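Please go through the assignments made for this protein and DNA model one at a time. For each, I would like to see the value set against the criterion it has to meet.

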2 protein chains.
Amino acid sequence: MKHTVTAKDVAKLAGVSQSSVSRVFFEGAKVSEKTRAKIMAAAEELGYRPNEFARSLITNRTKIIGIVMKGVHNPFYPQVLKQFAAAFKEKGYSMLFVHTNNDEIEAEDVETLLNYNVAGVIITDAVMALNVGEEFKKNKIPLVFFNRKLNSDEFYSVSCNNLDAGRKVAQYFFDQGIAEMAYIAGDADTSTSRDRQRGFQEVLKQKKAAYRHFSADYTYNGGYTTAMQMIEEGNTPPAIFVANDIMALGVLDALKKNSIQVPEQTKVIGFDNIEMASWPAYQLTTWEQPIDEMIEATLAYLLAEIAEYTGAAETFEVDGHLIERSTT
Amino acid sequence: MKHTVTAKDVAKLAGVSQSSVSRVFFEGAKVSEKTRAKIMAAAEELGYRPNEFARSLITNRTKIIGIVMKGVHNPFYPQVLKQFAAAFKEKGYSMLFVHTNNDEIEAEDVETLLNYNVAGVIITDAVMALNVGEEFKKNKIPLVFFNRKLNSDEFYSVSCNNLDAGRKVAQYFFDQGIAEMAYIAGDADTSTSRDRQRGFQEVLKQKKAAYRHFSADYTYNGGYTTAMQMIEEGNTPPAIFVANDIMALGVLDALKKNSIQVPEQTKVIGFDNIEMASWPAYQLTTWEQPIDEMIEATLAYLLAEIAEYTGAAETFEVDGHLIERSTT
DNA sequence: TATATTTTTGAATACGTATGCAAAAACGCT
DNA sequence: AGCGTTTTTGCATACGTATTCAAAAATATA
């Protein structure tokens, strides 16, 4: 028969009250060293472990962070997941993983997060209807958009300074004497892709360099087929800025297949600096997103808001930097 | 002020008792259609949502599945995570994601799982001390080792029939007239790598074909450097079986860098059939793990054990099959 | 030592839900 | 309509913890 050992059991064995046991396991409460020792011994002996649910029920708080993720195909996101898990574990939090199939985060998913009364939510690569955001606000659950910038200033978001990165990449190409460049976009409804493009295009316009636009979808195949088409059409630009690494790899493979020399004939720059970008086969020059900083900012914000909810919103952007490898 | 709406609130508005509200939201309980309608209307109006914690507290059950994962670098695992999340979501379960840094699942992680009284646990690529397993057994929490076969028959495990797969791969090479083959192993302490090797080696021995062994670690770099060494030593075997795809990609890149023709000079077969294996740049022949089947088996077992715990253990193996691409 | 003050402790209660039990209501039958 | 039977409902309680409040113990002060 399953008998989970409770605080009462420990209390009985230690010859104290349940309250004292509770106090030992609730940090910030005071107990004398003597009884603490007694209780710890008893708890050890019985293998006592406070019931998280009873705890959450009464405190109306949890130690759970919800993380919403869609694109498990882009290795950037598993990496992010891992780092969040590690960072939050250290702070005593666990991760509730919510996978959305659709671009837009589903009502069901939001309900899950609310049902579990998560302490905070991280939304990575999913889109969220605005009324959904209100739902979190109403419940005073802090929310962070990770790697997405909102046009609304209603929520905290942390992302790379994509606009500036786009500019820098354009400038970099330009400095190499290139006057015609292409951009391969990711999903059009993402701020990341749009901002990278805007910055990139802005500099080109200023320099009066030619800009060509291609639309893709943040996947390897998207990059590959887009590049193939580009090549078939017969004028492959001398420089291509690709909205993320995984697409850039597809682009590189397409170029290689068509025996187009990189970087001699065409230079390629990606975005993210995923692990694969450094693989010998690719050696992709790319804009590194400072994941560590981004994680840290998210963590700091969430913990602060969990400690005391203010609902403060901010659009936080961190700089990244170019990692030069052999595609430029 | 945060006022989570409770069953009592709904009851008051609907003019019924809290018990009736509970019964409406607890599946399997009976309420008359009339009151159900009244309650649903009131619940809708107030935006009522049952508190999972109060629920779990009293039922001593949760709708949470813990999933333990280490190797987020091998895309096979994110894929698995995604599919589990989707499958369990459909059944009304949520996923608690636990990331282990070390090979061995840490005590802290186990505690998390126990604290949240998870309904079931899936351990993917981590190792677990035996006494830890006992802990789960004691609490009647069903446990599945995914993609790991145990030498003990104490726990349920689901994996690909790696032994047979190894045999088939060897036979496949042999049928192509090859009499000398190499195996590049993954982490030595994994059953997957060992079984693949055993099957492979077994057939070679029987056919009196030469076998060469290389040790690596299931990472791209491991595959790459191992292959580089192999090449430097000057006798690259005509056929290589690599314990997983991500290493195989490293091997292919090393071969390519040294201008060794694949498949003409050396044939390569990987394992997993991750998405990248089908990329134009690689076109890796590989043994496909039937993820869907493996997920399904895991799901079925866990749900059955959750419904009624028996502690039954089984070593479940599913066949996979070879996907021929252009590296053979 | 006696008293004032601080610290520690225990009893009681609350959190929001599920559920056994008995009362009430609805239903079926003659 | 009257009775027996089934279905539905509400009351009361329990789950395991945190927390308030008052009592008790320990400590400081005179």
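Q: What makes up the surface near DNA strand D, by residue class?
A: In this predicted model, that surface has 10 nonpolar, 12 polar and 5 charged residues. A residue belongs to the surface if one of its heavy atoms lies within 4 Å of the strand, and 27 residues surround DNA strand D, the closest being Ala7(A), Ser22(A), Arg55(A), Arg23(B) and Thr35(B).

Q: How do you know which part of DNA strand D, sugar or phosphate on the one hand and bases on the other, the protein approaches?
A: Of the atoms of DNA strand D within 4 Å of the protein, 57% belong to sugar or phosphate, and the rest belong to bases.

Q: What makes the approach of Arg23(B) to a base nitrogen of DNA strand D a polar contact?
A: The cut-off for a pair of N or O atoms is 3.5 Å, and a polar side-chain atom of Arg23(B) lies 2.6 Å from a base nitrogen of DNA strand D, so the pair qualifies as a polar contact. Phosphate oxygens of DNA strand D take part in such pairs too: one is 2.8 Å from an N or O atom in the side chain of Tyr48(A), and one is 2.9 Å from an N or O atom in the side chain of Thr35(B). The elements that give two or more residues to the surface near this strand are helix 2 (18-25) and helix 4 (52-59) of chain A, together with helix 2 (18-25) and helix 4 (52-59) of chain B.

Q: Which residues come nearest to DNA strand C, and which side chains lie by its phosphate oxygens?
A: Of the 27 residues around DNA strand C, Arg23(A), Thr35(A), Ala7(B), Ser22(B) and Arg55(B) come nearest. An N or O atom in the side chain of Ser22(B) is 2.4 Å from a phosphate oxygen of the strand, while polar side-chain atoms of Ser20(A) and Tyr48(B) lie 2.8 Å and 2.9 Å, respectively, from a phosphate oxygen. Set against the limit of 3.5 Å, these pairs therefore count as polar contacts. Helix 2 and helix 4 of chain A, together with helix 2 and helix 4 of chain B, are the elements that give two or more residues to the surface near DNA strand C.

Q: Why is strand 2 of chain A described as largely enclosed by the rest of the structure?
A: The description rests on burial, for which a residue must have under 20% relative accessible area; 6 of the 6 residues of strand 2 (residues 94-99) of chain A are buried, so the strand is largely enclosed by the rest of the structure. In a regular strand the side chains alternate between the two faces of the sheet. Here both faces are covered, with Ser94(A), Leu96(A) and Val98(A) buried on one side and Met95(A), Phe97(A) and His99(A) buried on the other.

Q: How do you know that strand 2 of chain A pairs with strand 1 of chain A and with strand 2 of chain B?
A: Pairing requires at least two bridges. Strand 1 (residues 64-69) of chain A is joined to strand 2 of chain A by 6 bridges, the two running parallel, and within strand 2 of chain A the bridge partner of Gly66(A) is Leu96(A). Between these strands the chain passes through helix 5 (residues 76-90) of chain A, and this β-α-β crossover is right-handed. Strand 2 of chain A also pairs with strand 2 (residues 94-99) of chain B, in the antiparallel sense and over 3 bridges; there, the bridge partner of Phe97(A) is Met95(B).

Q: Why is Asn273(A) called buried?
A: Asn273(A) has 19% relative accessibility, and the limit is under 20%, so Asn273(A) counts as buried. Asn273(A) lies in the loop between strand 9 and strand 10 (285-288) of chain A, and its phi is near 60 degrees, a positive value in a residue other than glycine. Asp272(A), which lies in strand 9 of chain A, has a phi near 125 degrees, again positive in a residue other than glycine, and at 5% relative accessibility Asp272(A) counts as buried.

Q: How does the radius of gyration of chain A stand against that of a compact globule?
A: A compact globule of 328 residues would have a radius of gyration near 20 Å, but chain A has 25 Å. The C-alpha atoms of chain A fill a box of roughly 85 × 40 × 35 Å along the principal axes.

Conventions: Residues numbered from 1 in each chain as written. Chains lettered and ligands numbered in written order. Predicted model: local features only at pLDDT ≥ 70, side-chain atom pairs only at ≥ 80, totals over all residues. Heavy atoms only, no water. Polar contact = N/O pair within 3.5 Å; in protein donor to acceptor, adjacent residues only side chain to side chain. Helix = DSSP H or I, 4+ residues; strand = E, 2+ residues; numbered from the N terminus. Nonpolar A, V, L, I, M, F, W, Y, C, P; charged D, E, K, R; others polar. Buried < 20%, exposed > 50% of the residue type's maximum accessible area, 1.4 Å probe, protein only. Right-handed = clockwise from strand over helix to strand, strands pointing away. Rg over C-alpha atoms; globule rule 2.2 N^0.38 Å.
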